[in-house]
Amino acid sequence: MATHIKWPHIDQFHNVRTRVLHNEDLKKKTVTYKAKIKLHGTNSAIQVTPSTNTVIAQSRNNVLGFSNDNAGFASWVNSVRDNIIATLKYLNTTNIIIYGEWIGEGIQNGVAACKIGTKCFCIFAIQVFDKYEDLQDETLMKKRSLIVDPKSIEQIINGPNLIVSPGIPNTKVIPWFSTEDGNDYTFSVSEDDWEAKTSVLQDNLNLLNSYVEKIDKHDPWIEKEFGIVGPGEGLVFYPFVNKNGCTQTCFLYREDFSNLAFKAKGDAHKNVSKKTPASLDPEKVSSAHEYAELVCTPARLEQGVREVCGGEILF
């Protein structure tokens, strides 16, 4: 029976900061963040074992099949199974899980990504592991690396020889988010920053919030790749920890991602009705009514409906 390997939960920034401030080891780390556009689709993944020609589709919470598909993802994976095997056969005994967002018609509403006229698997990370027994060892998995650099992902997905590789249709790799000058958007957080001893951290949050607010109105990546103009969802921030004076940005440890990654959503997609996409501290309320207004946003309620409707709602 296939083992489901869930994509790590991604917190909001104030929760990450609280976790860091209560953990001396985390607080001493300098973290450099890079971002990717957060697409409004459904979290999906493909497990690939090249040595046995095994290809398994999964959603955020389940291994998928024809009887429990999620927005057509399992059916699509089956339709491109031969391409996946042929393209990744070169990996031999290396097993991988390809994580991404399944976007397109009927999967979500209110964003440019749902108007692209097709469905597409947009990849943001790859997990490498040796054998399935490893997946049962939580301590071992925490130390496994996630490959998140877009160029590194493309090299794996395309295979070693593009001339003979069939490739995997209807897939794209999400790039690093770049600023107006074309450079990758990045910022660092040190121990003093976590404690907000200066205004540096708040200044960084103000800037990233401004980018999220722009994406909330216009998703630049969807327009570039599909020619569709419309709103986006936000950004996901990937943490790269300085180890021994070196910050590696090709991969990161799964444990570091779980502890330090965060997401920032625009107003239309917030599960919690916060004043800003990312903040130093959580919102405070003074009554049950205010709490309900804070957490029962349209985005959260819709998310609940999708959980019980197989991921796809036709609007």
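**Helix 4 and the strand 2–strand 3 hairpin**

In helix 4, which spans residues 81–88, the buried residues are Ile 84, Ile 85, Thr 87 and Leu 88. All of this comes from a predicted model rather than an experimental one. An α-helix makes a turn every 3.6 residues, so side chains three or four places along end up pointing the same way. As for what the buried residues of helix 4 sit against, the list takes in both strands and helices: they pack against strand 2, strand 3 and strand 4 (95–104), along with helix 3 (73–79) and helix 6 (150–158).

Two of those partners, strand 2 and strand 3, belong together as a hairpin, with four residues between them. In the turn, Asn 53 has a positive phi, at about 55 degrees. Strand 2 (residues 42–49) runs antiparallel to strand 3, and six bridges join the pair. Across this pairing, Ser 44 stands opposite Ser 59 of strand 3. Strand 3 itself covers residues 54–59, and five of its six residues are buried, so the rest of the structure largely encloses it.

Stepping back to the whole protein chain, there are 12 helices and 12 strands to place these pieces among. Buried residues make up 49% of the 315 in the chain. Looking at contacts with a separation of 6 or more, 73% are between residues 24 or more positions apart. On the outside, the accessible surface of the chain adds up to about 14,900 Å², and carbon and sulfur atoms account for 50% of that.

Technical notes
Residues are numbered from 1 along each chain as its sequence is written. This is a predicted model: local features need pLDDT of at least 70, side-chain atom pairs count only at pLDDT 80 or more; totals for chains, interfaces and linings use all residues. Side-chain values use heavy atoms; hydrogens and water are left out. Helices (H or I, at least four residues) and strands (E, at least two) are DSSP runs, numbered from the N terminus. Buried means under 20% relative accessible area, exposed over 50%, partly exposed in between (1.4 Å probe, protein chains only). Contact means heavy atoms within 4.5 Å. Accessible areas come from the Shrake-Rupley method with a 1.4 Å probe; for residues, only the protein chains shown count as cover. Two strands pair if DSSP finds at least two bridges between them.
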